[in-house]
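Hello,

Here is the structure I promised to pass on to you. Please have a look at it, and below you will find my notes on what turned up.

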Amino acid sequence: MNTEKRSVRERFRDWFYGDTQAFDEAMPMRRQKEHRPDLEAQKEYERERARMREHVFNVEHNREMWLFRKCFEIMGIVLCVLMVCVLLIAVSYLPPTGHADNPANNEVSQLYVEHGIADTGAVNSVTGMILSYRAFDTFGETNVLFIAGCCVMILLLLDHGILKSSAMANDRFYEPKNDVILQQVARILVPIVFIFSIYVMLNGHLSPGGGFSGGAMMGAGMILYTCAFGFDKTRKFFGERVYTAVKVTALVLYGVMITYYYIMGANGLENHIPLGTPGAILSAGLILPINLVVGLQVACTMYAFYALFRRGGF
Amino acid sequence: MDLICNFPCISIVMCILGGIVSSALKGRAAKYLNAVILLAATIMSASVFGYTIMTGESFTYVMGRFPAPWGNELRAGVLEGGMALFFCVIMTLSLFGGQEKLHTEIEPQKLNLYYILCDLLLSSLLSLVYTNDLFTAYVFVEINTISACGLIMISQTGRTIEAATRYMIMSLLGSGMLLLGICMLYDMTGHLLMENIHQTLRASVTAGKFHVPLMITIGMLCVGIAIKSALFPFHTWLPDAYGYSTVSSAAILSSLVSKGYIFLLIKLIYRVIGFDVIYASRVTDILFVFGVAGMIIGSLSAIKENDIFRMIAFSSVAQIGYIYMGFGLGTQAAMVASVFHILSHAVTKALLFLSAAGLADASDGSRRFLDLTGSGYRNRIAGIAFAAGALSMVGIPLFSGFISKLLFAEASVRNSGKMLPAMIALAISTILNAIYFMKTVIRIYTPVKTDQGTILLKKHKLFAASMACFIALNIFLGLCSDWIVDLIETGLEMFV
């Protein structure tokens with residue numbers, strides 16, 4: 001490079017038009033220093049903000065804030081008391097509980113009690129009512145659970161990569177690992193819980209219980225197992241794939257069965273599913289399979305809630 | 001029974017099943033499934049609509065083997081069929097219009113969840129429209145609330161989470177009130193089916209029984225639905241929820257979710273409690289006062305706003321106020337005007353949200369008015385669509401907004417007591433509407449020199465097509481209003 005031979009003016013002109021490179025030692029330019037955040041200034045800024053916050057939101061300094069909070073509290077209490085009074089007044093005018101002449105004791109409940117077993121084949125008339133007479137409501141209610149699970153997934157589901165890298169940190173960060181007492185108790189309890197939940201699901205049409213309660217028990221059993229042995233062990237039989245497969249199969253089966261029931265019933269077509277003898281395990285038509293699929297769905301959702309809230313994935 | 005009578009049930013179950021299957025699919029497949037479902041639901045609702053117009057009477061559909069009052073029932077008349085068709089069409093157009101934006105704002109592995117929410121939301125809207133049973137209505141109100149919450153928070157920024165939390169709290173308060181009201185109705189009548197409640201209630205009103213609890217029940221039901229559909233004093237959740245969520249969510253929430261609840265209120269007024277009982281309870285006066293206040297205060301807040309999405313959201317408060325003012329006038333004509341305004345507002349508000357998103361895209365994603373200057377030239381289709389929507393909101397003839405204002409004015413003239421406040425509120429609100437919408441239109445068509453590139457029509461065909469459909473639908477409502485008003489009147493008569 002022959003830059004030494006050129007005059008200052010030429011060099012300035014070159015620099016001005018950008019012909020010279022800045023860092024080829026031709027120009028006396030200093031390389032820019034790496035940006036280093038000034039920690040002191042940062043701290044000062046945060047302190048300043050905290051002071052400001054204190055000043056604005058602290059009731060000792062801010063009279064308006066104090067007034068607002070007081071008014072808010074008083075109004076809240078007054079509103080609640082008013083609401084309670086209104087509701088109590090309303091209740092005092094309503095028919096007394098358990099009276100024989102109440103409007104609620106009409107032909108509807110009479111038919112449920114008198115013809116329930118003959119119509120639905122279910123000895124447990126509550127199950128017969130929710131899965132046969134008012135099947136549409138129950139289908140909607142199951143989907144409330146499904147959509148709640150979806151919303152929790154939107155909020156808490158983490159990407160697989162993040163999940164893997166933070167798995168150790170999230171899983172049992174605050175809890176002792178491999179607690180012997182818990183594991184021993186779980187070894188005894190989990191099989192019992194599972195068997196009892198299956199019993200409750202299968203006997204939903206015969207005895208108190210059904211899909212929702214049995215599923216909740218099964219979910220609780222799985223949560224207990226996970227607490228004791230960790231996610232790695234649970235994932236061997238219940239990972240994300242299994243969760244999706246079971247959930248979708250159960251709900252689709254439910255949907256198909258219930259659609260069959262609606263359309264056959266509404267069009268006055270013959271129902272090909274026999275009701276069986278009331279009291280036998282294989283009876284009550286569609287109620288038994290529906291109880292099973294509802295139970296599976298509820299168990300999946302229960303466990304999914306736990307897993308998502310604990311570590312954001314399965 | 002004709003095959004078409006099965007369609008309401010099939011369309012509801014199909015939407016739910018579609019949502020369930022989508023949870024096992026990837027985002028793209030879920031999108032196509034959702035499109036198929038929307039198309040099928042639109043066709044089915046259209047056939048139900050056509051069928052009820054042809055037969056001239058409504059039909060009930062027993063869900064299962066047991067007829068009412070023991071089992072669940074659906075019921076479809078002209079108004080139900082028309083509403084279902086309308087909801088399906090608006091949902092389809094909103095989803096198509098906001099699709100590109102959606103794919104940039106949502107994490108790809110959560111995309112299928114968005115379509116699940118949409119499918120279930122549609123199923124709940126259809127159920128709210130068709131159901132003949134109050135408890136079924138409550139179950140689907142729950143699904144509606146949860147999926148609306150999901151729609152708000154799917155684009156996860158701090159503000160959407162905050163908005164969703166606020167929506168959740170307010171909306172659950174509303175659901176709770178609604179549930180208490182339904183419980184008390186059941187205690188007084190022993191039924192959950194709308195017609196049976198109506199008959200039993202009529203008997204007890206003539207006998208003079210249950211006056212106090214009935215009044216409290218009416219209050220509960222009205223306040224519950226007013227909270228959920230953002231009537232004026234309960235509107236505080238609305239601007240953030242509509243303003244910060246992703247654009248197709250905002251369009252769906254503003255034009256469908258709140259309208260579903262309002263349609264439920266119309267059903268409660270006509271088919272459950274009875275129009276005359278509601279009118280005698282003077283609750284209509286309270287709705288009238290809050291509706292009028294909402295019309296004016298919503299518009300004033302919109303004028304103060306510096307963010308285009310929040311401005312449109314506040315305008316929704318004013319428009320909901322119009323609808324409740326129609327309920328408050330307490331005549332058949334005003335009710336027709338309110339139903340027409342539901343349609344008109346749904347079409348226009350979805351159009352405005354989608355086109356505002358287009359304008360913001362042409363201005364580096366900024367939503368502040370200063371940055372939007374001249375964006376109508378940079379994104380022509382969004383500019384035209386926004387101008388059309390604004391003209392409709394202000395009430396220029398040819399657009400649907402004009403017809404609804406005309407119907408409200410006619411209805412208020414026939415009501416001697418409330419004519420003056422209604423007319424004054426209409427006039428003030430129209431002027432305020434004009435101030436903030438025309439300000440925005442002038443702003444987006446003020447020429448300015450920037451280096452921001454123009455957005456070409458060719459690259460956004462889906463968006464352009466959906467905008468064109470919305471404008472066409474808007475003008476269709478404006479031009480064929482006689483036919484539609486006739487249909488609404490027939491539908492309301494079928495209700496009773």
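Is the crossing of H12(A) and H13(A) left-handed or right-handed? It is left-handed. Please keep in mind throughout that this is a predicted model.

Let me stay with that pair for a moment. H12 of chain A covers residues 240-266 and H13 of chain A covers residues 287-311. Their axes come within 9 Å and cross at roughly 145°. On the H12(A) side, the residues that meet the partner helix are A:Tyr243, A:Val246, A:Lys247, A:Ala250, A:Leu251, A:Leu253, A:Tyr254 and A:Met257. H13(A) answers with A:Pro289, A:Ile290, A:Val293, A:Val294, A:Leu296, A:Gln297, A:Cys300 and A:Ala304. By class, this contact has 14 nonpolar residues, 1 polar and 1 charged.

As for chain A overall, it has 13 helices and 0 strands. Of its 314 residues, 27% count as buried. If you take the contacts in chain A between residues at least 6 apart in sequence, 70% of them join residues at least 24 apart.

On to chain B, where there is another helix pair to look at. The axes of H14(B), residues 308-329, and H19(B), residues 419-444, come within 12 Å and cross at roughly 165°. H14(B) is therefore roughly antiparallel to H19(B). This crossing is left-handed. From H14(B), the contact takes in B:Ile308, B:Met311, B:Ala318, B:Met325 and B:Leu329. These meet B:Ala422, B:Ala425, B:Ser429, B:Tyr436 and B:Thr440 in H19(B). The contact holds 8 nonpolar and 2 polar residues, with no charged ones.

Chain B also has strands to show you. S1(B), residues 59-63, runs antiparallel to S2(B), and 5 bridges join the two. Within this pairing, B:Val62 stands opposite B:Glu73. S2(B) spans residues 72-76, and 5 of its 5 residues are buried. Both of its faces are covered, with B:Asn72, B:Leu74 and B:Ala76 on one side and B:Glu73 and B:Arg75 on the other.

Two of those strand residues come up again around B:Asp133, which lies in the loop between H5 and H6 of chain B. Leaving aside its neighbours within four places in sequence, B:Asp133 is in contact with B:Asn72 and B:Glu73, as well as with B:Leu192, B:Leu193 and B:Met194. Why does B:Asp133 count as buried? It does so because it has 27 C-beta neighbours inside 10 Å, and 20 are enough for a residue to be called buried. For a sense of distance, the C-alpha atoms of B:Asp133 and B:Met44 are separated by 21 Å, and the two residues are 89 apart along the chain.

Finally, the two chains touch. On the chain B side 49 residues are in contact with 43 residues of chain A. The elements of chain B that give two or more residues to this side are H1 (7-22), S1, H5 (111-130), H6 (134-153), H7 (158-189) and H9 (211-228). H6(B) provides the largest share, 11 residues. The chain B side of the contact divides into 33 nonpolar, 12 polar and 4 charged residues.

Happy browsing, and best wishes

How values were computed:
Residues are numbered from 1 along each chain as its sequence is written. Chains are lettered from A and ligands numbered from 1 in the order in which they are written. This is a predicted model: local features need pLDDT of at least 70, side-chain atom pairs count only at pLDDT 80 or more; totals for chains, interfaces and linings use all residues. Axes are lines fitted to C-alpha atoms, for helices over the stretch in contact, and angles run from 0 to 180 degrees between N-to-C directions. Helices (H or I, at least four residues) and strands (E, at least two) are DSSP runs, numbered from the N terminus. A crossing is left-handed if the near helix is turned anticlockwise from the far one by less than a right angle, and right-handed if clockwise. Two residues are in contact if their C-beta atoms, placed from the backbone, lie within 7 Å. Ala, Val, Leu, Ile, Met, Phe, Trp, Tyr, Cys and Pro count as nonpolar, Asp, Glu, Lys and Arg as charged, and the others, Gly among them, as polar. A residue is buried if 20 or more other C-beta atoms lie within 10 Å of its own, exposed if 12 or fewer, and partly exposed in between; C-beta atoms are placed from the backbone. Two strands pair if DSSP finds at least two bridges between them. Angles under 35 degrees count as roughly parallel, over 145 as roughly antiparallel, 65 to 115 as roughly perpendicular and the rest as oblique.
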